[in-house]
Amino acid sequence: MAKELIMTGCRAAAEGAKAAEVEVICSFPIRPYTAIMMELAKMVADGELNAEFIHGEGEHAQLSVVLGAAASGARAYTGSSGVGVTYAMEIYSPMAGGRYPAQMAIADRTLDPPGDFGSEHTDAMCTRDQGWLLGWADSPQEVYDNTLINYRVGEDHRVMLPQMVCQEGYFVSHIPDKVILGDQSQVKKFLPPYRPIGPLSTTKPVSHGPQIRPDQGAPMDAMRAAVFLDVPKVIEEATADFNRIFGRNYDPFVDQYKLADAEIAFFVMGAHANTCRKAVDRLRKQGVKAGMARLRWVRPWPTHQLANALGHVKAIGVVETSTSYGGAMRGGNLIHELRASLYDLDQRPLVTSFMAGLGGETIWPADFDYMAKVLTEMVKEKKTKRYVYWIGM
Amino acid sequence: MAKELPGYGTINVPKERQVPFGAVTKAPVCTQQLFITSNWRVVRPVKDDEKCTRCLICYMSCPDACWIFKEEEDVMEWVSDFCKGCQICINECPSDALTAVPELDFPDGVVRLDKPF
């Protein structure tokens, strides 16, 4: 029986891993994601989950352990936050290039210095070009759901890639919300067992992670890039199956809120979307035709889906919760790719960005009102005056 | 939307240039000829069979499994295709049976190869 409980994002991630019947878990503490491992350790100790629970000596070791586990045919699970995510940086590319579909849960956190522990997307966004699947949830429910969807997509033989399932630290990871946990029969129907390709074996010996020659490098990169051409189709199939089996209503790539007739739109990622929806409702009452698009996958980036969803809007405000110091727009990361996605449209929307929610700050309803004011002025004047606005500065 | 946007095209890697899935290859039980790494080497260990006691410390200390004990012939065999010349075995050998000899001293030394492999 599916059951409805109140739980944090961390617990929801652990429940997702338990439902997926992960076989190897590797932990190392760093807040705020630690609570995921605490929940899993308890599940293993209580005999609710039959998994090998390994305590790594650092994040680099964590990723190495799950790489080995996935290479030997186990469904593997790990996670981290903030500087822990970046400490494991070396392993991300070999893990994707070696096609090991393990999963990493991220409860995001700012990078140092000076050791702020608030939520920020910068940590996992640093890894976005290493060949992993990557996306943010907006609620504990979506964390649970994404855990299952990501295993299904990542382990599909057309994909075979590791996945980063992200949630905002504290905003999602530590604030309880209603979560419907699926029945195990639903999970079984949705998520087939992990079938590795060429696993490590004593009876059929194989070499993993060998040296290749420079002339093998270009075809290897091309083949890794080619996989991402097939991923969107697999995501669409998996999301449709998930919606059908679990009774949800996810758009595979872009969560759209009152966008159809919108003149201005917020482009957001993660739980700030919850405040944004309320802001859109209030702005609508004041006669402002506002809407919201929430990105569900950063990798693969849904170029055409975004152009379709946002092409008719007059001005878009990208709410950035990650930094790209010295980048093209001198703000965050998302605006670069959103602008690129819209470039080939005949009528391009005006696009600016708002640096908000950095260092774990809340993005308040009043902040969205201010952003709406900037966007409305842009529409009136028919031009983008600034690439970036720093909220609250 | 009226206008059709550009697509991503297709990526076709010619068959002869394709790399195996995840670079996973069959491993022959002894050596993996597809990925030879010996061209990193500047020196190679040369052994003196008179001094060698077959204690297998070179076998245990080699990070690349480049020493094999041939039981029937009662001799240690060096795997030239994968030895990177790190000299750990030379350092660890308790009976001083191993010496580091520059690759240039050998007519087939890896530094003399026109092609790396």
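Of the 393 residues of chain A, 52% count as buried. I begin with that value, and I should add at once that the model before us is predicted.

Let us consider the overall form of chain A. What radius of gyration would a compact globule with 393 residues have? The expected value is near 21 Å, and chain A has 21 Å, which agrees. Along its principal axes, the C-alpha trace of chain A spans about 70 × 55 × 45 Å. In secondary structure, chain A contains 13 helices and 15 strands. If we take the contacts in chain A between residues at least 6 apart in sequence, 80% of them join residues at least 24 apart.

Next, the domains. The domain assignment of chain A gives domain 1, covering 3–246, and domain 2, covering 254–390. The centres of these two domains of chain A, taken over C-alpha atoms, are separated by 28 Å. Where they meet, 24 residues of domain 1 of chain A are in contact with 19 residues of domain 2 of chain A. Which elements give two or more residues to the domain 1 side of this contact? They are helix 6 (122–125), strand 6 (133–136) and helix 9 (214–246) of chain A. By class, that side of domain 1 of chain A divides into twelve nonpolar, seven polar and five charged residues.

I turn now to the sheets. One open sheet of chain A has six strands in the order 3-2-4-5-7-6, and its pairing is parallel. Why do strand 3 and strand 6 of chain A each have one side without a neighbour in the sheet? Strand 3 (52–55) and strand 6 of chain A stand at the edges with a single partner strand each, so one side of each is left without a neighbour. On average, neighbouring strands of this sheet are turned by 20° against each other, direction ignored. As a general point, strands of a sheet pair through backbone hydrogen bonds, either parallel or antiparallel. Within this sheet, strand 5 (residues 103–108) and strand 7 (residues 163–168) of chain A pair in the parallel sense over six bridges. You may locate this pairing by finding A:Ile106, which stands opposite A:Cys166 in strand 7 of chain A. Helix 2 (residues 34–45) of chain A lies across strand 2 (24–27), strand 3, strand 4 (76–80) and strand 5 of chain A. The helix runs at about 135° to strand 3 of chain A.

Another open sheet of chain A also has six strands, here in the order 10-12-11-13-14-15, and its pairing is mixed. Its edges are strand 10 (254–257) and strand 15 (388–390) of chain A; each has a single partner strand, so one side of each is left without a neighbour in the sheet. Neighbouring strands are turned by 20° against each other on average, direction ignored. Strand 11 (residues 264–269) and strand 13 (residues 315–320) of chain A pair in the parallel sense over four bridges. In strand 13 of chain A, A:Gly317 is the bridge partner of A:Phe266.

Let us look at one residue of strand 11 of chain A, namely A:Met269. Is A:Met269 buried or exposed? A:Met269 has 29 C-beta neighbours inside 10 Å, and therefore counts as buried. Leaving aside its neighbours within four places in sequence, A:Met269 is in contact with A:His121, A:Trp136, A:Arg294, A:Leu295, A:Thr321 and A:Leu334. For A:Met89, which is 180 residues away along the chain, the C-alpha atoms of the two residues are separated by 23 Å.

Helix 1 (residues 9–19) of chain A deserves a brief remark. How many of its eleven residues are buried? Eleven of the eleven are buried, and the list includes charged side chains such as A:Arg11, A:Glu15 and A:Lys18. After helix 1 of chain A comes A:Glu21, whose phi is positive, near 50°.

Finally, I come to the contact between the chains. This contact takes 21 residues from chain B and 27 residues from chain A. The side of chain B that touches chain A has 13 nonpolar, five polar and three charged residues. Strand 9 (residues 206–207) of chain A is joined by two bridges to strand 1 (residues 25–26) of chain B, and the two strands run antiparallel. In this pairing, A:Ser207 stands opposite B:Thr25.

Methods: Residues numbered from 1 in each chain as written. Chains lettered and ligands numbered in written order. Contact = placed C-beta atoms within 7 Å. Pairing = 2+ DSSP bridges. Axes fitted to C-alpha atoms, helices over the stretch in contact; angles between N-to-C directions. Rg over C-alpha atoms; globule rule 2.2 N^0.38 Å. Buried ≥ 20, exposed ≤ 12 C-beta atoms within 10 Å, placed from the backbone. Domains from an automatic or database assignment.
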